[in-house]
Amino acid sequence: MKIFLDTASREVIKKWSVTGLIDGVTTNPSLLVKEDGEPKKVLTDICAMISGPVSFEVVEKDPDAVYKQAREIAACAPNVVVKIPCLQEYLPVIHRLSCEGIALNITLVFTALQALMMAKLGVAYISPFVGRWDDLGHEGVALLQELVTIKKHYGFSTQILAASLRSPLHWKQAALVGVDVVTIPPAVIEQGIKHPLTDKGVALFDADWKKAGRTQLL
Ligand code: G3P
């Protein structure tokens, strides 16, 4: 499983990049506006920090402007992936960019058919939003299962990038379903690694060691 970090914070990316866990980064306009500095600088900084794919979303609305902006974003660094929302009016643009070899991440995917159409266009990633689908009373993880099944049936190369994962449970469920990639908020990685019995066990070993008065291990 590939793990992307869902943040635009360079500080956070720096902290996690040395762990060996992080294969890429995803950003979106909501994450980007929390950061200081010009968006382009934030993007190029992140791309220099991480060798894997870095998703960066278009903010233009008109399809021609989306095409132009997508090309500009793609030109910023070799590891940029351009994020485009899954909207009907962007189908020709997505097709064109995909044929031109631009790596795309189609975002805000909520149904199997949206995913199927984007996979058929040969995009690099589709991002189903698990938490936001749960918010509406649906089962986000069931959506992931549908996408994995469809991908298997037709041998699509598009990678399923599970997004809007808000808990370690979401993450585990995405792994059990077999998605290609998860993008995880930093806080959820911390929740995922921390366990009270691990902490308790470390404290107990430490206490026993100190009680015995030993100073040398090797
Ligand atoms: O990767 C998408 C993510 O940033 C959205 O998460 O929690 O706002 O639905 P959330």
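Leu 108 is a pleasant place to start: with a relative accessible area of 30%, this residue is partly exposed. In this predicted model, Leu 108 belongs to strand S5. Its backbone deserves a second look, since phi of Leu 108 is positive, at about 60°, although the residue is not a glycine.

Strand S5 covers residues 104–109 and also holds Asn 105. Asn 105 has a relative accessible area of 0% and is therefore classed as buried, the limit for that class being under 20%. The Asn 105 side chain is not without a partner, as it makes a polar contact of 2.7 Å with the side chain of Ser 127. Strand S5 thus offers the reader a buried residue in Asn 105 and a partly exposed one in Leu 108.

Turning to the overall architecture, the protein contains 11 helices and eight strands. The C-alpha trace spans about 70 × 40 × 30 Å along its principal axes. Of the 218 residues in the protein, 44% are buried.

The ligand comes next. It sits in the second largest pocket, where the surrounding residues are Asp 6, Asn 28, Phe 129, Arg 132, Ala 163, Ser 164, Arg 166 and Thr 183. Sorted by class, this shell comprises three charged, three polar and two nonpolar residues. Several of these side chains can be followed to oxygen atoms of the ligand. For Asp 6, a polar side-chain atom is found 2.7 Å from a ligand oxygen. The side chain of Ser 164 likewise places an N or O atom 2.7 Å from an oxygen atom of the ligand. In the case of Arg 166, the distance from a polar side-chain atom to a ligand oxygen is 2.9 Å. Considered alone, the ligand exposes 310 Å², and the protein buries 80% of that area.

Ser 164 merits a few more words. This residue is located in the loop that joins strand S7 (159–162) to helix H9 (168–177). Despite its position in a loop, Ser 164 is buried, because its relative accessible area of 11% falls under the 20% limit. Its phi is near 55°, a positive value in a residue other than glycine. Ser 164 therefore brings together a place in the ligand shell, a positive phi and a buried setting.

Thr 183, another member of the ligand shell, provides a reference point for Lys 34. The C-alpha atoms of Lys 34 and Thr 183 are 18 Å apart in space, while 149 residues separate the two in sequence. Lys 34 is part of the loop between helix H2 (29–32) and helix H3 (39–49). With a relative accessibility of 64%, Lys 34 counts as exposed, because that value is over 50%.

A further loop, between strand S4 (80–85) and helix H5 (91–99), carries Glu 89. At 45% relative accessibility, Glu 89 is partly exposed, since the value lies between the 20% and 50% limits. Glu 89 can be related to Asp 62, which is 27 residues away in sequence and 8.6 Å away in space, C-alpha to C-alpha.

Note on methods. Residues are numbered from 1 along each chain as its sequence is written. Side-chain values use heavy atoms; hydrogens and water are left out. A residue is near a molecule or strand if one of its heavy atoms lies within 4 Å of it. A polar contact is a pair of N or O atoms within 3.5 Å; within protein, one must be able to donate a hydrogen and the other to accept it, and residues adjacent in sequence count only if both atoms are side-chain atoms. Accessible areas come from the Shrake-Rupley method with a 1.4 Å probe; for residues, only the protein chains shown count as cover. On a 1 Å grid over the protein atoms alone, a cavity is a set of points where a 1.4 Å probe fits but cannot get out, and a pocket is an open set with protein on both sides within 12 Å along at least five of seven lines; lining residues have an atom within 4 Å of a point. A molecule sits in a cavity or pocket if more than half of its atoms lie within 2 Å of its grid points. Ala, Val, Leu, Ile, Met, Phe, Trp, Tyr, Cys and Pro count as nonpolar, Asp, Glu, Lys and Arg as charged, and the others, Gly among them, as polar. Helices (H or I, at least four residues) and strands (E, at least two) are DSSP runs, numbered from the N terminus. Buried means under 20% relative accessible area, exposed over 50%, partly exposed in between (1.4 Å probe, protein chains only).
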